[in-house]
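Good morning. I have one model to go through today, and I will take it in small steps. Please look at the display before I start.

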Amino acid sequence: MTSIKEQAAISRLLSFLQDWDNAGKVARSHILNTFIETNQGKTAPELEQEFSQGASLFLVRLTTWLRLIYMTGSCLDKLLKSIGIFLSAVSSNQYLIEFLEVGGVLTLLEILGLEKIKEEDKKESIRLLQVIANSGRKYKELICESYGVRSIAEFLAKSKSEETQEEVQILLDSLVHGNPKYQNQVYKGLIALLPCASPKAQQLSLQTLRTAQSIVGTTHPSIVDCVLKVLRTMHLEVQYEAIELIKDLVNYDVCQALLKGLVALLIPSVKETSKLQPKILNDSAVLQLTANLPVFLQQAAAAKAIGVLARSNTSIAEEMLHLRVVHSLMAAMGNTDHSNSQRQASLTLEYFVQMFPVVEEHVRRSMGEELYELFLSNAEDLYMKIDSIQADILAANKVNVSKALSISGVSYSNMSFYLGPCGEDQLAYTTYFQKEGSEGKE
(Lines give C-alpha, C1' and ligand atoms only; values in the text may rest on other atoms or scores of the structure.)
Protein backbone atom coordinates (compact mmCIF):
# COMPACT_ATOMS: atom_id res chain seq x y z
CA MET A 1 0.00 0.00 0.00
CA THR A 2 1.15 3.51 -0.76
CA SER A 3 1.56 5.96 2.08
CA ILE A 4 -0.54 9.07 2.48
CA LYS A 5 2.51 11.15 1.50
CA GLU A 6 3.00 9.18 -1.73
CA GLN A 7 -0.71 9.41 -2.55
CA ALA A 8 -0.55 13.20 -2.13
CA ALA A 9 2.47 13.40 -4.45
CA ILE A 10 0.73 11.29 -7.08
CA SER A 11 -2.34 13.45 -6.77
CA ARG A 12 -0.26 16.59 -7.31
CA LEU A 13 1.33 15.01 -10.41
CA LEU A 14 -2.02 14.03 -11.89
CA SER A 15 -3.36 17.52 -11.18
CA PHE A 16 -0.32 19.07 -12.88
CA LEU A 17 -0.68 16.85 -15.93
CA GLN A 18 -4.40 17.61 -16.11
CA ASP A 19 -3.68 21.34 -15.96
CA TRP A 20 -1.25 20.91 -18.86
CA ASP A 21 -3.71 18.86 -20.90
CA ASN A 22 -6.48 21.43 -20.45
CA ALA A 23 -4.30 24.52 -20.92
CA GLY A 24 -4.12 26.67 -24.02
CA LYS A 25 -0.97 28.18 -25.53
CA VAL A 26 -0.71 31.06 -23.07
CA ALA A 27 -1.23 28.87 -20.01
CA ARG A 28 1.23 26.27 -21.30
CA SER A 29 3.78 29.03 -21.86
CA HIS A 30 3.47 30.00 -18.18
CA ILE A 31 3.81 26.35 -17.12
CA LEU A 32 6.99 26.01 -19.20
CA ASN A 33 8.44 29.21 -17.69
CA THR A 34 7.90 27.89 -14.20
CA PHE A 35 9.33 24.47 -15.12
CA ILE A 36 12.48 26.02 -16.63
CA GLU A 37 13.05 28.32 -13.62
CA THR A 38 12.64 25.59 -11.00
CA ASN A 39 14.31 22.63 -12.72
CA GLN A 40 17.29 23.99 -14.64
CA GLY A 41 20.39 21.86 -13.93
CA LYS A 42 18.60 19.10 -12.05
CA THR A 43 19.67 15.47 -12.37
CA ALA A 44 17.34 12.72 -13.57
CA PRO A 45 16.72 11.40 -10.01
CA GLU A 46 15.88 14.95 -8.87
CA LEU A 47 13.43 15.35 -11.75
CA GLU A 48 11.81 12.03 -10.87
CA GLN A 49 11.46 13.18 -7.28
CA GLU A 50 9.93 16.44 -8.46
CA PHE A 51 7.38 14.53 -10.55
CA SER A 52 6.74 11.68 -8.11
CA GLN A 53 8.56 9.18 -10.36
CA GLY A 54 6.43 10.30 -13.30
CA ALA A 55 8.73 12.77 -15.11
CA SER A 56 8.45 10.74 -18.31
CA LEU A 57 4.71 11.48 -18.37
CA PHE A 58 5.49 15.18 -18.69
CA LEU A 59 8.31 14.59 -21.20
CA VAL A 60 5.99 12.64 -23.52
CA ARG A 61 3.54 15.54 -23.43
CA LEU A 62 6.32 17.96 -24.34
CA THR A 63 7.51 15.82 -27.27
CA THR A 64 3.94 15.34 -28.49
CA TRP A 65 3.30 19.08 -28.42
CA LEU A 66 6.62 19.69 -30.18
CA ARG A 67 5.58 17.49 -33.09
CA LEU A 68 2.25 19.33 -33.32
CA ILE A 69 3.48 22.94 -33.24
CA TYR A 70 7.12 22.99 -34.45
CA MET A 71 6.14 24.19 -37.93
CA THR A 72 4.39 27.26 -36.51
CA GLY A 73 7.15 28.27 -34.12
CA SER A 74 4.73 29.05 -31.28
CA CYS A 75 6.41 28.73 -27.83
CA LEU A 76 9.14 26.75 -29.55
CA ASP A 77 12.04 28.26 -27.61
CA LYS A 78 10.54 27.43 -24.19
CA LEU A 79 9.48 23.99 -25.36
CA LEU A 80 12.96 23.11 -26.63
CA LYS A 81 14.59 24.44 -23.46
CA SER A 82 12.23 22.32 -21.35
CA ILE A 83 13.06 19.20 -23.36
CA GLY A 84 16.72 20.15 -22.99
CA ILE A 85 16.40 20.02 -19.19
CA PHE A 86 15.40 16.37 -19.50
CA LEU A 87 17.99 15.40 -22.12
CA SER A 88 20.93 17.15 -20.46
CA ALA A 89 20.18 15.93 -16.94
CA VAL A 90 22.75 13.62 -15.35
CA SER A 91 21.68 9.94 -15.71
CA SER A 92 19.08 10.96 -18.33
CA ASN A 93 19.58 8.03 -20.71
CA GLN A 94 15.98 6.88 -20.33
CA TYR A 95 14.66 10.34 -21.25
CA LEU A 96 16.96 10.39 -24.28
CA ILE A 97 15.69 7.02 -25.50
CA GLU A 98 12.07 8.13 -25.05
CA PHE A 99 12.72 11.31 -27.04
CA LEU A 100 14.44 9.46 -29.87
CA GLU A 101 11.77 6.77 -30.08
CA VAL A 102 9.17 9.36 -31.09
CA GLY A 103 11.37 10.78 -33.87
CA GLY A 104 12.97 13.57 -31.88
CA VAL A 105 16.11 13.78 -34.04
CA LEU A 106 14.13 14.12 -37.27
CA THR A 107 12.00 16.87 -35.74
CA LEU A 108 15.06 18.83 -34.61
CA LEU A 109 16.63 18.52 -38.05
CA GLU A 110 13.42 19.62 -39.76
CA ILE A 111 13.32 22.74 -37.57
CA LEU A 112 16.69 23.80 -39.04
CA GLY A 113 15.27 23.87 -42.56
CA LEU A 114 12.07 25.83 -41.86
CA GLU A 115 12.17 29.46 -42.98
CA LYS A 116 9.44 30.66 -40.60
CA ILE A 117 11.28 29.51 -37.48
CA LYS A 118 13.29 32.13 -35.59
CA GLU A 119 17.09 31.88 -35.51
CA GLU A 120 17.06 31.61 -31.72
CA ASP A 121 14.78 28.57 -31.87
CA LYS A 122 17.05 26.91 -34.42
CA LYS A 123 20.02 27.54 -32.15
CA GLU A 124 18.17 25.76 -29.35
CA SER A 125 17.55 22.86 -31.73
CA ILE A 126 21.29 22.70 -32.46
CA ARG A 127 22.03 22.61 -28.74
CA LEU A 128 19.72 19.64 -28.29
CA LEU A 129 21.46 17.86 -31.17
CA GLN A 130 24.76 18.57 -29.40
CA VAL A 131 23.43 16.89 -26.25
CA ILE A 132 22.31 13.88 -28.29
CA ALA A 133 25.62 13.62 -30.19
CA ASN A 134 27.63 13.88 -26.99
CA SER A 135 25.72 10.95 -25.49
CA GLY A 136 27.69 8.39 -27.48
CA ARG A 137 28.66 6.89 -30.80
CA LYS A 138 25.31 5.26 -31.59
CA TYR A 139 23.57 8.61 -31.20
CA LYS A 140 26.03 10.31 -33.56
CA GLU A 141 25.33 7.55 -36.06
CA LEU A 142 21.58 8.09 -35.66
CA ILE A 143 21.95 11.80 -36.49
CA CYS A 144 24.05 10.98 -39.57
CA GLU A 145 21.64 8.25 -40.69
CA SER A 146 18.83 10.81 -40.51
CA TYR A 147 20.59 12.93 -43.20
CA GLY A 148 21.74 15.14 -40.36
CA VAL A 149 25.08 16.19 -41.82
CA ARG A 150 23.41 17.70 -44.88
CA SER A 151 20.74 19.52 -42.85
CA ILE A 152 23.26 20.85 -40.35
CA ALA A 153 25.73 21.96 -43.05
CA GLU A 154 23.01 23.74 -45.05
CA PHE A 155 21.89 25.54 -41.91
CA LEU A 156 25.46 26.65 -41.18
CA ALA A 157 25.73 28.11 -44.69
CA LYS A 158 22.41 29.98 -44.45
CA SER A 159 22.48 31.15 -40.82
CA LYS A 160 22.78 34.91 -40.28
CA SER A 161 23.89 34.66 -36.65
CA GLU A 162 27.59 34.12 -35.94
CA GLU A 163 26.77 32.87 -32.45
CA THR A 164 24.47 30.22 -33.92
CA GLN A 165 27.07 29.28 -36.53
CA GLU A 166 29.61 28.70 -33.76
CA GLU A 167 27.13 26.33 -32.06
CA VAL A 168 26.82 24.44 -35.36
CA GLN A 169 30.60 24.14 -35.54
CA ILE A 170 30.63 22.55 -32.07
CA LEU A 171 28.04 20.02 -33.28
CA LEU A 172 29.97 19.16 -36.46
CA ASP A 173 33.16 18.80 -34.45
CA SER A 174 31.37 16.39 -32.13
CA LEU A 175 30.04 14.36 -35.06
CA VAL A 176 33.51 13.92 -36.58
CA HIS A 177 35.00 12.63 -33.31
CA GLY A 178 34.35 9.06 -32.21
CA ASN A 179 32.19 8.34 -35.24
CA PRO A 180 34.26 6.09 -37.55
CA LYS A 181 31.25 4.91 -39.53
CA TYR A 182 30.25 8.40 -40.67
CA GLN A 183 33.35 10.56 -40.14
CA ASN A 184 33.95 10.61 -43.90
CA GLN A 185 30.42 11.88 -44.43
CA VAL A 186 31.08 14.79 -42.06
CA TYR A 187 34.45 15.44 -43.74
CA LYS A 188 32.83 15.63 -47.19
CA GLY A 189 30.07 17.84 -45.82
CA LEU A 190 32.67 20.30 -44.55
CA ILE A 191 34.39 20.39 -47.94
CA ALA A 192 31.02 21.04 -49.60
CA LEU A 193 30.60 24.10 -47.35
CA LEU A 194 33.75 25.84 -48.60
CA PRO A 195 32.15 27.52 -51.67
CA CYS A 196 29.23 28.93 -49.63
CA ALA A 197 28.55 32.67 -49.52
CA SER A 198 28.89 33.09 -45.74
CA PRO A 199 32.43 34.10 -44.68
CA LYS A 200 31.79 32.94 -41.11
CA ALA A 201 30.61 29.54 -42.32
CA GLN A 202 33.72 29.26 -44.50
CA GLN A 203 35.96 30.17 -41.57
CA LEU A 204 34.36 27.65 -39.20
CA SER A 205 34.31 24.93 -41.87
CA LEU A 206 38.02 25.40 -42.54
CA GLN A 207 38.79 25.22 -38.82
CA THR A 208 36.80 22.02 -38.40
CA LEU A 209 38.25 20.55 -41.60
CA ARG A 210 41.71 20.66 -40.06
CA THR A 211 40.49 18.46 -37.23
CA ALA A 212 38.50 16.22 -39.56
CA GLN A 213 41.47 15.78 -41.90
CA SER A 214 43.68 14.51 -39.09
CA ILE A 215 40.96 12.06 -38.01
CA VAL A 216 40.06 10.77 -41.48
CA GLY A 217 43.70 10.49 -42.53
CA THR A 218 43.11 10.32 -46.29
CA THR A 219 42.24 13.28 -48.50
CA HIS A 220 39.26 13.75 -50.78
CA PRO A 221 40.25 14.66 -54.38
CA SER A 222 38.07 17.78 -54.39
CA ILE A 223 39.69 19.41 -51.37
CA VAL A 224 42.55 21.02 -53.32
CA ASP A 225 40.32 22.84 -55.79
CA CYS A 226 37.88 23.89 -53.06
CA VAL A 227 40.49 25.31 -50.70
CA LEU A 228 42.29 27.16 -53.52
CA LYS A 229 39.02 28.81 -54.57
CA VAL A 230 38.52 30.00 -51.00
CA LEU A 231 41.64 32.13 -51.49
CA ARG A 232 39.49 34.47 -53.60
CA THR A 233 37.91 35.78 -50.40
CA MET A 234 38.37 39.38 -49.30
CA HIS A 235 37.97 38.32 -45.66
CA LEU A 236 41.38 37.95 -44.02
CA GLU A 237 40.12 35.65 -41.28
CA VAL A 238 38.90 33.20 -43.93
CA GLN A 239 42.17 33.50 -45.87
CA TYR A 240 44.13 32.79 -42.68
CA GLU A 241 42.19 29.58 -42.00
CA ALA A 242 42.58 28.49 -45.64
CA ILE A 243 46.36 28.91 -45.45
CA GLU A 244 46.44 27.03 -42.13
CA LEU A 245 44.61 24.14 -43.79
CA ILE A 246 47.00 24.28 -46.77
CA LYS A 247 49.92 23.98 -44.32
CA ASP A 248 48.35 20.75 -43.04
CA LEU A 249 47.49 19.39 -46.48
CA VAL A 250 51.09 19.50 -47.76
CA ASN A 251 51.72 16.54 -45.44
CA TYR A 252 49.26 14.39 -47.40
CA ASP A 253 49.17 12.86 -50.87
CA VAL A 254 47.70 16.04 -52.38
CA CYS A 255 50.91 18.00 -51.75
CA GLN A 256 52.00 17.91 -55.40
CA ALA A 257 48.62 19.03 -56.73
CA LEU A 258 48.40 21.73 -54.07
CA LEU A 259 51.79 23.25 -54.83
CA LYS A 260 51.15 23.16 -58.58
CA GLY A 261 47.80 24.82 -58.02
CA LEU A 262 49.28 27.59 -55.87
CA VAL A 263 52.01 28.39 -58.38
CA ALA A 264 49.46 28.39 -61.22
CA LEU A 265 47.37 31.00 -59.37
CA LEU A 266 50.27 33.46 -59.52
CA ILE A 267 49.62 33.86 -63.25
CA PRO A 268 45.83 34.00 -63.78
CA SER A 269 44.49 32.69 -67.06
CA VAL A 270 43.85 35.13 -69.90
CA LYS A 271 40.16 34.26 -69.60
CA GLU A 272 40.09 35.67 -66.06
CA THR A 273 42.19 38.78 -66.71
CA SER A 274 40.29 39.65 -69.89
CA LYS A 275 37.26 40.34 -67.72
CA LEU A 276 39.02 43.57 -66.77
CA GLN A 277 38.91 45.03 -70.26
CA PRO A 278 35.20 45.96 -70.48
CA LYS A 279 35.45 47.60 -67.03
CA ILE A 280 38.51 49.57 -68.05
CA LEU A 281 36.82 50.79 -71.23
CA ASN A 282 33.54 51.74 -69.53
CA ASP A 283 34.73 53.44 -66.38
CA SER A 284 37.76 55.48 -65.42
CA ALA A 285 37.65 54.32 -61.79
CA VAL A 286 39.75 51.29 -62.69
CA LEU A 287 41.39 50.81 -59.32
CA GLN A 288 38.07 50.81 -57.51
CA LEU A 289 36.62 48.28 -59.92
CA THR A 290 39.59 45.94 -59.93
CA ALA A 291 40.85 46.21 -56.35
CA ASN A 292 38.66 43.37 -55.17
CA LEU A 293 38.58 41.30 -58.32
CA PRO A 294 38.52 37.74 -56.94
CA VAL A 295 41.23 36.44 -59.27
CA PHE A 296 43.71 39.07 -58.01
CA LEU A 297 42.75 38.49 -54.39
CA GLN A 298 43.47 34.83 -55.08
CA GLN A 299 46.79 35.72 -56.72
CA ALA A 300 47.90 37.72 -53.68
CA ALA A 301 46.77 35.00 -51.26
CA ALA A 302 48.60 32.34 -53.29
CA ALA A 303 51.83 34.37 -53.14
CA LYS A 304 51.39 34.72 -49.39
CA ALA A 305 50.65 30.99 -48.94
CA ILE A 306 53.71 30.03 -50.99
CA GLY A 307 55.84 32.23 -48.74
CA VAL A 308 54.39 30.65 -45.60
CA LEU A 309 55.00 27.12 -46.92
CA ALA A 310 58.52 27.88 -48.15
CA ARG A 311 59.58 29.43 -44.85
CA SER A 312 58.19 26.51 -42.85
CA ASN A 313 59.76 23.73 -44.94
CA THR A 314 62.91 24.10 -47.05
CA SER A 315 62.18 20.93 -49.02
CA ILE A 316 58.86 22.39 -50.15
CA ALA A 317 60.67 25.57 -51.19
CA GLU A 318 63.08 23.44 -53.23
CA GLU A 319 60.22 21.58 -54.87
CA MET A 320 58.55 24.82 -55.90
CA LEU A 321 61.72 25.96 -57.68
CA HIS A 322 61.08 23.16 -60.16
CA LEU A 323 57.54 24.47 -60.67
CA ARG A 324 58.96 27.80 -61.95
CA VAL A 325 57.74 29.60 -58.85
CA VAL A 326 60.38 32.34 -59.30
CA HIS A 327 59.14 33.16 -62.81
CA SER A 328 55.54 33.23 -61.58
CA LEU A 329 56.31 35.39 -58.53
CA MET A 330 58.07 37.96 -60.71
CA ALA A 331 55.12 38.00 -63.12
CA ALA A 332 52.79 38.68 -60.18
CA MET A 333 55.10 41.52 -59.08
CA GLY A 334 54.41 43.12 -62.45
CA ASN A 335 50.63 43.17 -61.90
CA THR A 336 50.11 46.91 -61.48
CA ASP A 337 46.35 46.40 -61.22
CA HIS A 338 46.65 44.88 -57.74
CA SER A 339 49.22 46.26 -55.31
CA ASN A 340 48.77 43.50 -52.71
CA SER A 341 49.67 40.89 -55.33
CA GLN A 342 52.86 42.82 -56.02
CA ARG A 343 53.63 43.16 -52.32
CA GLN A 344 53.03 39.52 -51.35
CA ALA A 345 54.89 38.18 -54.39
CA SER A 346 57.83 40.49 -53.67
CA LEU A 347 58.08 39.36 -50.04
CA THR A 348 57.98 35.71 -51.03
CA LEU A 349 60.54 36.18 -53.81
CA GLU A 350 62.82 37.89 -51.29
CA TYR A 351 62.91 34.66 -49.26
CA PHE A 352 63.80 32.55 -52.29
CA VAL A 353 66.56 35.00 -53.26
CA GLN A 354 68.01 34.87 -49.75
CA MET A 355 67.81 31.09 -49.52
CA PHE A 356 69.04 29.97 -52.95
CA PRO A 357 72.08 31.51 -54.70
CA VAL A 358 70.89 30.21 -58.09
CA VAL A 359 67.66 32.19 -57.64
CA GLU A 360 69.58 35.31 -56.65
CA GLU A 361 71.70 35.02 -59.80
CA HIS A 362 68.74 34.62 -62.17
CA VAL A 363 66.61 37.32 -60.54
CA ARG A 364 69.48 39.84 -60.63
CA ARG A 365 70.13 39.11 -64.30
CA SER A 366 66.45 39.37 -65.23
CA MET A 367 65.72 42.55 -63.25
CA GLY A 368 68.88 44.47 -64.04
CA GLU A 369 71.03 46.19 -61.43
CA GLU A 370 68.84 49.23 -60.80
CA LEU A 371 65.61 47.30 -60.26
CA TYR A 372 67.39 44.58 -58.31
CA GLU A 373 68.91 47.13 -55.91
CA LEU A 374 65.46 48.61 -55.35
CA PHE A 375 64.16 45.11 -54.64
CA LEU A 376 66.95 44.37 -52.15
CA SER A 377 66.56 47.67 -50.32
CA ASN A 378 62.88 47.14 -49.48
CA ALA A 379 61.01 44.24 -51.08
CA GLU A 380 57.75 45.06 -49.31
CA ASP A 381 57.49 48.59 -50.70
CA LEU A 382 58.95 47.85 -54.14
CA TYR A 383 55.53 48.12 -55.82
CA MET A 384 55.35 51.83 -54.86
CA LYS A 385 58.77 52.61 -56.37
CA ILE A 386 58.77 50.87 -59.75
CA ASP A 387 57.70 52.57 -62.98
CA SER A 388 55.69 51.07 -65.85
CA ILE A 389 58.81 49.91 -67.72
CA GLN A 390 60.11 48.04 -64.66
CA ALA A 391 56.66 46.51 -64.14
CA ASP A 392 56.80 45.28 -67.75
CA ILE A 393 60.23 43.75 -67.13
CA LEU A 394 58.80 41.79 -64.20
CA ALA A 395 55.61 40.73 -65.98
CA ALA A 396 57.49 39.57 -69.09
CA ASN A 397 60.38 37.84 -67.31
CA LYS A 398 61.74 34.58 -68.76
CA VAL A 399 63.44 33.32 -65.60
CA ASN A 400 63.69 29.52 -65.59
CA VAL A 401 65.51 28.37 -62.47
CA SER A 402 64.27 24.80 -62.93
CA LYS A 403 66.03 24.60 -66.30
CA ALA A 404 69.26 25.88 -64.75
CA LEU A 405 69.02 23.31 -61.98
CA SER A 406 68.53 20.52 -64.51
CA ILE A 407 71.45 21.64 -66.68
CA SER A 408 73.80 21.98 -63.71
CA GLY A 409 72.74 18.61 -62.40
CA VAL A 410 71.72 20.03 -59.02
CA SER A 411 69.22 17.78 -57.28
CA TYR A 412 67.15 18.43 -54.21
CA SER A 413 65.11 16.14 -52.01
CA ASN A 414 61.68 14.92 -53.09
CA MET A 415 61.91 16.38 -56.61
CA SER A 416 59.13 14.50 -58.32
CA PHE A 417 57.26 17.15 -60.27
CA TYR A 418 56.77 17.34 -64.00
CA LEU A 419 58.70 20.29 -65.34
CA GLY A 420 56.93 21.81 -68.30
CA PRO A 421 57.39 24.98 -70.33
CA CYS A 422 55.42 28.11 -69.63
CA GLY A 423 51.82 27.52 -70.75
CA GLU A 424 49.80 29.55 -73.23
CA ASP A 425 47.78 31.18 -70.47
CA GLN A 426 50.94 32.40 -68.79
CA LEU A 427 52.26 33.88 -72.06
CA ALA A 428 48.92 35.53 -72.76
CA TYR A 429 48.89 36.98 -69.26
CA THR A 430 52.32 38.59 -69.56
CA THR A 431 51.51 39.83 -73.07
CA TYR A 432 48.34 41.46 -71.75
CA PHE A 433 50.19 43.42 -69.07
CA GLN A 434 52.92 44.40 -71.52
CA LYS A 435 50.22 45.79 -73.80
CA GLU A 436 48.54 47.69 -70.94
CA GLY A 437 51.91 49.11 -69.88
CA SER A 438 52.76 50.31 -73.39
CA GLU A 439 49.34 51.94 -73.78
CA GLY A 440 49.86 53.77 -70.50
CA LYS A 441 53.15 55.23 -71.75
CA GLU A 442 51.71 56.57 -74.99
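I will start with the whole chain, then go through helix contacts, two single residues and some salt bridges.

First, a caution: this is a predicted model. Everything I say about positions and distances is computed from that prediction.

Now the chain as a whole. What kinds of secondary structure does the chain have, helices or strands? The chain has 29 helices and zero strands. Of its 442 residues, 51% are buried. The surface that the chain exposes comes to about 20700 Å², and carbon and sulfur atoms supply 52% of that area. There is also a figure for contacts across the sequence. Take the contacts with a separation of 6 or more: residues 24 or more positions apart account for 73% of them.

Next, how helices pack. I have two pairs.

The first pair is helix 2, residues 25-39, and helix 5, residues 76-87. Their axes are 10 Å apart, at an angle of about 35°. The crossing of helix 2 past helix 5 is left-handed. Which residues meet there? From helix 2 they are S29, L32, N33, F35, I36 and N39, and from helix 5 they are K78, L79, K81, S82, I85 and F86. Sorted by class, that contact between helix 2 and helix 5 has six nonpolar, four polar and two charged residues.

The second pair is helix 11, residues 162-176, with helix 12, residues 183-193. Here the axes come within 8 Å and cross at roughly 145°. Helix 11 contributes L172, L175 and V176 to the contact, while helix 12 contributes Q183, V186 and L190. By class, the contact of helix 11 with helix 12 has five nonpolar residues, one polar residue and no charged residues.

Keep L175 in mind, please, as we move to single residues. I143 lies in helix 9, which covers residues 137-145. Is I143 buried or exposed? I143 counts as buried, because its relative accessibility is 0%. Leaving aside neighbours within four places in sequence, I143 is in contact with V105, L109, L129, I132, A133, G148, I152 and L175. So L175 turns up again, as one of the residues that I143 contacts. I143 and L175 are 32 residues apart in sequence, yet 8.6 Å apart in space, taken from C-alpha to C-alpha.

The other single residue is V224, in helix 14. V224 is buried as well, at 9% relative accessibility. Not counting residues up to four places away in sequence, V224 touches V254, A257 and L258. From V224 to I246 there are 22 residues in sequence and 8.6 Å in space, again C-alpha to C-alpha.

That leaves the charged side chains. How many salt bridges does the structure hold? The structure holds 18. I will show three pairs and one network.

Pair one is E124 with R127, where the closest N and O atoms are 3.6 Å apart. Why can these two be brought together? E124 and R127 are three residues apart in helix 8, residues 119-133, so about one helical turn separates them. Of the two, E124 counts as buried at 9% relative accessibility, and R127 is partly exposed at 29%.

Pair two is E154 with R150, and here the closest N and O atoms are 3.2 Å apart. These residues are four apart in helix 10, residues 148-158, so E154 and R150 are also separated by about one helical turn. E154 is partly exposed, with a relative accessible area of 38%, whereas R150 is exposed, with 61%.

Pair three takes us back to helix 14, the helix that holds V224. The side chains of D225 and K229 form a salt bridge, 3.3 Å from N to O. Helix 14 runs over residues 223-230, and D225 and K229 are four residues apart in it, so about one helical turn lies between them. D225 is partly exposed, at 42% relative accessibility. Compare its sequence neighbour V224, which counts as buried at 9%.

Finally, the network. Four residues, R210, E244, K247 and D248, are linked by salt bridges.

To close, please keep one point from the start: the model is predicted. That is all from me.

Methods:
Residues are numbered from 1 along each chain as its sequence is written. This is a predicted model: local features need pLDDT of at least 70, side-chain atom pairs count only at pLDDT 80 or more; totals for chains, interfaces and linings use all residues. Side-chain values use heavy atoms; hydrogens and water are left out. Helices (H or I, at least four residues) and strands (E, at least two) are DSSP runs, numbered from the N terminus. Buried means under 20% relative accessible area, exposed over 50%, partly exposed in between (1.4 Å probe, protein chains only). Axes are lines fitted to C-alpha atoms, for helices over the stretch in contact, and angles run from 0 to 180 degrees between N-to-C directions. A crossing is left-handed if the near helix is turned anticlockwise from the far one by less than a right angle, and right-handed if clockwise. Contact means heavy atoms within 4.5 Å. Ala, Val, Leu, Ile, Met, Phe, Trp, Tyr, Cys and Pro count as nonpolar, Asp, Glu, Lys and Arg as charged, and the others, Gly among them, as polar. Accessible areas come from the Shrake-Rupley method with a 1.4 Å probe; for residues, only the protein chains shown count as cover.
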